[in-house]
Amino acid sequence: DIVILSGRSREDLQKWLGSAPVSLTAEHGSWIREHGKKEWSQLKPISGEWKKDILPILEVYTDRLPGARIREKDFSVSWHYHKADIEQASFIAKELTDHLISITANIDIQVFQGNRVIEISSSGINKGDLARHWLNNRNYDFILAIGAGWSDELLFRSLPEKACSIKVGMTQTEA
């Protein structure tokens, strides 16, 4: 039983892995598609209404940083700066993160700083919650979790002690 927990959109996962015999989760757990089913469902109802207030702010910062781009999904938005000047990007990314945290403190969204990306998403859904969903519905003999991103740390923390977890890259980890 293979379950892929991804931050990517449903459309991306469907295009890349739609015919593979695996269960898929998109947008860090906002969407689930179980193996053998064609339809995507939600673990719990969430809203993307907050994006209308956040997108104009991201556009201002995108205009300030050549090479930055916005990627909008159903229930999350990411601000990527992989192709931007590293010095300028680190300064502007910190400024944007502080700005977003200050305006989202009282609403139900979360802001995460990743590897040259800032992810803004609806609160209450993450890879750790998703792992618990799959673990509560099945009895696994062996669990292997492999991840490279910030969101995978929540996954690693939620796994049983007997699980084998691997962090791709050289950073401090729960794996």
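**View 1. Four-stranded open sheet of the predicted model.** The sheet has the strand order S4-S5-S7-S6, and its pairing is antiparallel. Strand S4 (69–72) and strand S6 (109–113) are the edge strands, each pairing on one side only. Averaged over the sheet, neighbouring strands are turned by 15° against each other, with direction ignored.

**View 2. Pairing of S5 with S7, and helix H3 across the sheet.** Strand S5 covers residues 76–80 and strand S7 covers residues 117–122. The two strands are joined in the antiparallel sense over 5 bridges. Within this pair, Trp79 is placed opposite Ile118 in S7. Helix H3, made of residues 86–104, lies across S5, S6 and S7. The direction of H3 is at about 165° to S6.

**View 3. Three-stranded open sheet with mixed pairing.** The strands follow the order S1-S2-S3. S1 and strand S3 (31–33) each have a single partner strand, so each of these edge strands has one side without a neighbour in the sheet. From one strand to the next, the twist averages 10°. Strand S2 (residues 23–26) runs antiparallel to S3, and 3 bridges join the two. Leu24 stands opposite Arg33, which belongs to S3.

**View 4. Helices H1 and H4 packed on the three-stranded sheet.** Helix H1 (residues 10–17) touches S1, S2 and S3, and its direction makes about 150° with that of S2. H4 also packs on the sheet and touches S1, S2 and S3. For H4, the angle is about 165° with the direction of S1.

**View 5. The largest pocket and its lining.** The space in this pocket is about 1,100 Å³. The lining consists of 42 residues, and those closest to the pocket centre are Leu5, Ser6, Lys127, Gly147 and Asp152. Two or more lining residues come from each of the following elements: strand S1 (3–5), S4, S5, S7, helix H4 (127–137), strand S8 (144–147) and helix H5 (152–158). Sorted by class, the lining has 20 nonpolar, 13 polar and 9 charged residues.

**View 6. Surroundings of Phe156 in helix H5.** Phe156 has a relative accessibility of 5% and therefore counts as buried, the limit being under 20%. Leaving aside residues up to four places away in sequence, Phe156 touches Ala145, Ile146 and Gly147. The other residues in contact with Phe156 on this basis are Ser165, Ile166, Lys167, Thr173, Glu174 and Ala175. Leu13 lies 143 residues from Phe156 along the chain, and the C-alpha atoms of the two are separated by 22 Å.

**View 7. The largest cavity.** The structure holds 1 cavity of 30 Å³ or more. The space in the largest cavity is about 30 Å³. Residues that line the largest cavity include His28, Gln110, Phe112, Ser121 and Ile125. Asn126, Lys127, Trp150 and Ser151 are also part of this lining. By class, the lining of the largest cavity has 3 nonpolar, 5 polar and 1 charged residues. Lys127 is named both here and among the residues closest to the centre of the largest pocket.

Key. Residues numbered from 1 in each chain as written. Predicted model: local features only at pLDDT ≥ 70, side-chain atom pairs only at ≥ 80, totals over all residues. Heavy atoms only, no water. Pairing = 2+ DSSP bridges. Axes fitted to C-alpha atoms, helices over the stretch in contact; angles between N-to-C directions. Contact = heavy atoms within 4.5 Å. 1 Å grid on protein atoms, 1.4 Å probe; cavity = no way out; pocket = protein on both sides within 12 Å on 5 of 7 lines; lining within 4 Å. Points joined across faces, edges and corners; volume = space filled by probe spheres on them. Nonpolar A, V, L, I, M, F, W, Y, C, P; charged D, E, K, R; others polar. Buried < 20%, exposed > 50% of the residue type's maximum accessible area, 1.4 Å probe, protein only.
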